[in-house]
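Biologist: Got a minute to go through this one with me? Put it up and I'll start asking.

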Amino acid sequence: MVHLGPKKPPSRKGSLADVPRDLLEQISQLEKLFTVDTQKLKAIVAHFVSELEKGLSKEGGSIPMIPTWVMDLPTGTEKGAFLALDMGGTNLRVCEITLLGNRDFDIVQSKYHMPPDMKTGTSEQLWDYIADCLSAFLKAHHPNEESHEFHLGFTFSYPCSQTKINNGILQRWTKGFDIDGVEGKDVQPMLEAALQRKKVPIKVTALINDTTGTMVASNYTDPETQMGVIFGTGCNAAYFDYVKNIPKLEGLVDLDPETPIAINCEWGAFDNEHNILPRTAYDIQIDNDSPRPNQQAFEKIIAGLYLGEIQRLVILDLVNQGFIFEGQGVENLKEAYSLDASFLSQIEEDPFENLTEVEDLFQSKFGIQTTEPERKLIRRLAELIGTRAARLSACGVAAIAQKIGLKKCHVGADGSVFNKYPHFPERGAQALKEIFDWEGTLEENPIKVQPAEDGSGVGAALIAALTLKRIQNGGSVGMTADGERRYLKGLNL
Ligand code: BGC
């Protein structure tokens, strides 16, 4: 169960008493800049709901709202062994999951470090590397089984259009990836070609997003789960909608309108038009300097990849204006993305009133000596950035709940920011409470965002199992042949 911690997110404002007036003035300006009040949260939710609808419409909008062809939830009785591959930002994880048929599972897994330059390398390097990792895993765990064909649930967490359950045409890279020759292409044949070249007997049975995996895996162990969300390097959500509510599928499918289908929202793209999110000059700079400007507007404000960078830009600005670190070299601070979200977490977690851990952090990482008032400003800034992220994240959850009329449910949440950033879950819960005017304590919130099951492992395996079952029963796992042809033609590939 979720541990929401203290009833109200802590405020450390009181400890600013000894901060000199000019820094206090800076703090108060930052507070104005980064605080999102209840009214604004409600306005964002209202706009978010209409953007979710737009994404499902024939005209489409900036939120992709991708039908994933996941049309079943597990019954808990699924059995069998499946491979799962998760291509995250820093690591590649390969797992073998054995579903035990009683809402339980066994898992064997290996992690392979992804060389950082692979994020901007070539497509061949990427697929060959992945095939090598899968091959190494099979050699270690299934030696001499070349004739056996393994079923793989491939978690590829980037916006991909899907015409069926096991393909994915990459719309655009996110999370700092920039590999040529993949955008606009189906990634499944690319991976399978590399597997064939290297004689690895694996078939991609399902290609899934981490959010869909999270929702399905969490529902497997907690059937009250109706949404899966990721707050990590990137951010996104999945939920179930009905075919009848997805006008853009009209004429492309042969499915009963009442069929539920999981939607990978790709909500990181919310407000790409910059209509409503409270973007600061720092957010705008991050966007302009990113490999994909004007994309992922929501994600760039709330996801882990960007939180440290926001803090770095504010600090540099304060240095340039002469408010902090006077007379010190700040060369090391000038390197883009040199602060990550874990740095912010550590700042917020410093248990000492005089913030000696923050002092050590700045000294060891940047060779910068800080005064106590400077550290207090830096800590308040971290709180503001982390709180804004958590409150805006809640807008996405609230918008989905409002769109489908969910009054009470569990939301399975995963990702480094949700799991490790201090107070993120309770700050988000507080925002949900304000948005819906709920009474009572945070623990009594009817919609609870809580730690998820392993979506890209167990979730991917479950979806592979459900897919095989559906195919065996003659069910559909994608568009009709004619629908697919027309859809692909529309994409102008
Ligand atoms: C991707 C999504 C993914 C999310 C969380 C975003 O950048 O576009 O597909 O679900 O990150 O990993």
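Biologist: Let's jump right in. Is Ala-429 buried or exposed?

Modeller: Buried: Ala-429 has a relative accessible area of 9%, and the cut-off for that label is under 20%. Keep in mind that this is a predicted model.

Biologist: Where does Ala-429 sit?

Modeller: In helix H13. If you want a sense of scale, Ala-429 and Leu-333 are 33 Å apart in space, C-alpha to C-alpha, with their positions 96 residues apart in sequence.

Biologist: Any salt bridge that involves H13? Which residues meet there?

Modeller: Arg-427 and Glu-348, through their side chains, with N to O at 2.8 Å. Arg-427 belongs to helix H13 (residues 424-436) and Glu-348 to helix H9 (residues 341-349), so the pair ties together parts that are 79 residues apart in sequence.

Biologist: And how accessible are those two? What's the number for Arg-427?

Modeller: Arg-427 comes out at 3% relative accessibility, which makes it buried. Glu-348 is buried too, with 1%.

Biologist: OK, zooming out. How many salt bridges are there in the whole structure?

Modeller: A search of the whole structure gives 27 salt bridges. One of them joins the side chains of Lys-300 and Asp-287, at 2.8 Å from N to O. Lys-300 is in helix H7 (residues 299-302) and Asp-287 in helix H6 (residues 281-289), so this pair links parts that are 13 residues apart in sequence.

Biologist: Are Lys-300 and Asp-287 buried or exposed?

Modeller: Lys-300 is buried at 6% relative accessibility, and Asp-287 is buried at 2%.

Biologist: Is there a network anywhere? Which residues are linked in one?

Modeller: Asp-18, Glu-372 and Lys-376 are linked in a network of salt bridges. Within it, the closest N and O atoms of Lys-376 and Glu-372 are 3.2 Å apart.

Biologist: How are Lys-376 and Glu-372 placed along their helix?

Modeller: They are four residues apart in helix H11 (residues 372-404), so about one helical turn separates them. Their accessibility is worth a look as well: Lys-376 counts as buried at 4%, while Glu-372 is partly exposed at 27%.

Biologist: Switching to the ligand. How many residues surround it, and which are the closest?

Modeller: There are 15 residues around the ligand, and the closest are Thr-174, Lys-175, Asn-209, Asp-210 and Glu-266.

Biologist: What about polar contacts? How far is Glu-266 from a ligand oxygen?

Modeller: A polar side-chain atom of Glu-266 is 2.6 Å from an oxygen atom of the ligand. For Lys-175, an N or O atom in the side chain is 2.9 Å from a ligand oxygen. Tyr-158 uses its backbone instead, with an N or O atom 3.2 Å from an oxygen atom of the ligand.

Biologist: And how much of the ligand's accessible area does the protein cover?

Modeller: The protein covers 98% of the 310 Å² of accessible area that the ligand has on its own.

Biologist: What's the make-up of that shell?

Modeller: Four nonpolar, seven polar and four charged residues.

Biologist: Which parts of the chain supply the shell?

Modeller: Helix H5 (210-221) and strand E10 (235-242) each give at least two residues to it. By domain, at least three residues come from each of domain 1 (1-67 + 223-452) and domain 2 (76-213 + 459-490).

Biologist: Last topic, backbone oddities. What is the phi of Phe-325?

Modeller: Phe-325 has a positive phi of about 55 degrees, although it is not a glycine.

Biologist: Why flag that?

Modeller: Because most residues other than glycine have a negative phi.

Biologist: Fair enough. Where is Phe-325, and is it buried or exposed?

Modeller: Phe-325 is in the loop between helix H8 (304-320) and H9, and it is buried at 1% relative accessibility. Leu-355 also has a positive phi of about 55 degrees without being a glycine. Leu-355 is found in the loop between H9 and helix H10 (356-366), and it is buried as well, with a relative accessible area of 2%.

Biologist: One more loop. Where does Ile-179 lie?

Modeller: Ile-179 lies in the loop between strand E7 (169-170) and helix H4 (187-197). At 2% relative accessibility, Ile-179 counts as buried.

Technical notes. Residues are numbered from 1 along each chain as its sequence is written. This is a predicted model: local features need pLDDT of at least 70, side-chain atom pairs count only at pLDDT 80 or more; totals for chains, interfaces and linings use all residues. Side-chain values use heavy atoms; hydrogens and water are left out. A residue is near a molecule or strand if one of its heavy atoms lies within 4 Å of it. A polar contact is a pair of N or O atoms within 3.5 Å; within protein, one must be able to donate a hydrogen and the other to accept it, and residues adjacent in sequence count only if both atoms are side-chain atoms. Accessible areas come from the Shrake-Rupley method with a 1.4 Å probe; for residues, only the protein chains shown count as cover. Ala, Val, Leu, Ile, Met, Phe, Trp, Tyr, Cys and Pro count as nonpolar, Asp, Glu, Lys and Arg as charged, and the others, Gly among them, as polar. Domain bounds come from an automatic or database domain assignment. A salt bridge is a side-chain nitrogen of Lys or Arg within 4 Å of a carboxyl oxygen of Asp or Glu. Buried means under 20% relative accessible area, exposed over 50%, partly exposed in between (1.4 Å probe, protein chains only).
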